[in-house]
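Good morning, colleagues. Today I will present one structure, taking its internal cavities and then one pair of helices. Please have the model open as we proceed.

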Amino acid sequence: MAHDPEQNHGGQWKKSPRFLELRSSKGFILATVCVAIFTDAFLYGVVVPVLPFSLRERSGVPEDQVQWWNSFIFAVFGGAILIGSPICGWVADRTSERSISFYTGLLILAAATILFGLAKSSWVLLLSRLLQGLSAAITYTVGLALLVDTVGRDNVGQWMGTALSSSSFGLIVSPLLGGIVYAKAGYMTVFAMALGLILFDIVMRLIMIEKKKAIQYKPALATDNGFYGTFTHEERSEHVSQSDSTQAAKPQDDSSEAPLLSHGPQTTAKRSKLPTILVLLGIPRLLAAIYGIFVNVSILAAFDGVLPLYVKKLFAWNSLEAGLIFLCLAIPALTGPLVGRLCDKVGPRWIAVAGCSLTAPPLVLLRFVNEDSLGQKVLLCALLVCCGFTLILIVSPVAADLSAVVEEKERADPNAFGPGGAYAQAFALFNCSMAAGTLFGPVVAGAIVERHGWGAMSAAMGVFAFSGAVPAFFYTGGWIFNKDT
């Protein structure tokens with residue numbers, strides 16, 4: 001039953017928490033991370049159809065200033081993620097338990113949501129979005145690092161695809177639900193819906209037990225499949241000792257076979273003097289991964305910014321009909337786990353290349369949706385479904401490859417990032433890229449539509465999508481001309 005005593009490494013006995021194996025299992029940790037990421041994404045998107053109305057009706061913002069405040073509030077959210085993610089990653093890689101940072105993000109998110117519910121001033125709304133951005137920085141950065149800590153190396157793609165598909169689904173479905181609920185039941189009902197989701201998130205995070213903490217009660221739960229932050233101390237010591245012994249066995253003047261990353265035994269005993277973030281940014285393969293997610297999120301965010309206004313103008317749709325069109329993007333996002341599993345089997349390179357390349361044609365073809373007819377509406381839905389299926393091909397490969405970059409870097413040089421590893425900071429860069437996409441996509445797409453029209457925007461987005469295939473082709477999964485890849 002519960003509270004079974006287990007012996008720890010020091011020979012003392014501890015009482016195990018109730019249902020320890022379930023609460024620290026891979027499946028439950030994945031579910032907790034998915035709920036956390038979905039909650040953050042949902043709370044980002046649920047206010048998209050609400051803010052333009054609440055700013056005028058509740059905050060008293062003049063009609064001619066609503067667009068400025070709406071854009072400024074969303075920009076603050078993205079800015080908070082850009083600034084907060086590197087800091088969160090640095091802290092998470094230097095704390096003994098990632099769950100502490102995870103709980104901190106939850107408290108910030110709860111405060112942000114309460115402020116949103118009570119806000120009757122535009123500045124309070126602004127503060128709410130600022131706190132929500134900081135919460136998102138923590139949740140994505142720490143949550144994905146926690147997931148990588150827990151799962152096996154051979155299944156990272158599948159699990160990462162599941163987690164990030166929950167983000168895509170949350171971003172796409174939340175404007176739909178927010179618009180429907182606000183139109184039918186009002187502002188406070190939207191707040192109640194968000195608060196209910198947060199309460200469920202709180203329960204999940206409080207129940208979850210981090211794997212490294214669980215093995216303190218039951219060492220048998222430790223397996224060689226997980227890799228906790230990034231290598232265990234035993235693995236790190238083994239790598240360093242092997243490297244030192246290998247270097248000692250070589251002649252000192254044998255430079256022809258010296259490793260590219262070192263020039264003698266003294267370099268393996270020292271950590272790089274550069275900050276971890278800069279070390280990571282010097283790896284082209286990692287840059288290809290974060291550019292891939294930047295392309296993906298920018299396109300999704302561009303749809304958020306221009307699609308509702310375009311269908312309102314072209315088809316005279318109301319907020320409910322404009323929200324329902326996002327189902328065409330939301331339903332394909334559910335295939336993320338399948339894409340991740342495929343990525344684990346065949347590798348990330350060609351899936352990422354296919355995702356970027358195949359997204360371009362339907363984006364370009366959106367230019368032909370320019371008349372109010374049934375055929376044009378069907379064409380729009382069909383093209384959006386195609387975009388949904390191709391965009392999801394980008395997420396899983398680049399996210400899985402990001403963790404592989406850190407692992408391979410530490411295998412080549414176990415002291416590259418110090419004892420805390422670099423997973424959280426790598427995903428902090430990943431998160432910064434996503435935040436930049438939420439800023440870049442709507443602003444650029446909106447500007448192109450306003451100045452040059454819908455057709456020019458769709459063509460530009462198509463070219464932009466294809467640009468992601470170039471670095472993916474050369475670097476995703478490793479340098480393409482490397483025989484080992």
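**Cavities and a helix pair**

Helices H2, H4 (66–92), H6 and H19 (423–452) each contribute at least two residues to the lining of the largest cavity. I should say at once that this is a predicted model.

How many cavities of 30 Å³ or more does a search of the whole structure find? The search finds six. The largest cavity encloses about 130 Å³ of space. Its lining consists of 13 residues, and those closest to the centre are Phe 77, Ile 81, Tyr 140, Leu 171 and Thr 438. H19 provides the largest share of that lining, namely four residues. By class, the lining comprises ten nonpolar residues, two polar and one charged.

Let me now turn to two of the helices just named. In general, a packed pair of helices is described by the angle and the distance between the two axes. For H2 (residues 26–45) and H6 (residues 122–150), the axes come within 10 Å and cross at roughly 160°. Angles over 145 degrees count as roughly antiparallel, and H2 and H6 are therefore roughly antiparallel to each other. Their crossing is left-handed.

Which residues make this contact? On the H2 side they include Ile 29, Leu 30, Val 33 and Ile 37; on the H6 side they include Ala 136, Tyr 140, Leu 144 and Leu 147. The contact of H2 with H6 contains 13 nonpolar, five polar and three charged residues.

To close, I would draw attention to Tyr 140: this residue is part of the contact between H2 and H6, and is also among the residues closest to the centre of the largest cavity.

Notes. Residues numbered from 1 in each chain as written. Predicted model: local features only at pLDDT ≥ 70, side-chain atom pairs only at ≥ 80, totals over all residues. Heavy atoms only, no water. Axes fitted to C-alpha atoms, helices over the stretch in contact; angles between N-to-C directions. Parallel < 35°, antiparallel > 145°, perpendicular 65-115°, else oblique. Left-handed = near helix turned anticlockwise from the far one by under 90°. Contact = heavy atoms within 4.5 Å. Nonpolar A, V, L, I, M, F, W, Y, C, P; charged D, E, K, R; others polar. 1 Å grid on protein atoms, 1.4 Å probe; cavity = no way out; pocket = protein on both sides within 12 Å on 5 of 7 lines; lining within 4 Å. Points joined across faces, edges and corners; volume = space filled by probe spheres on them.
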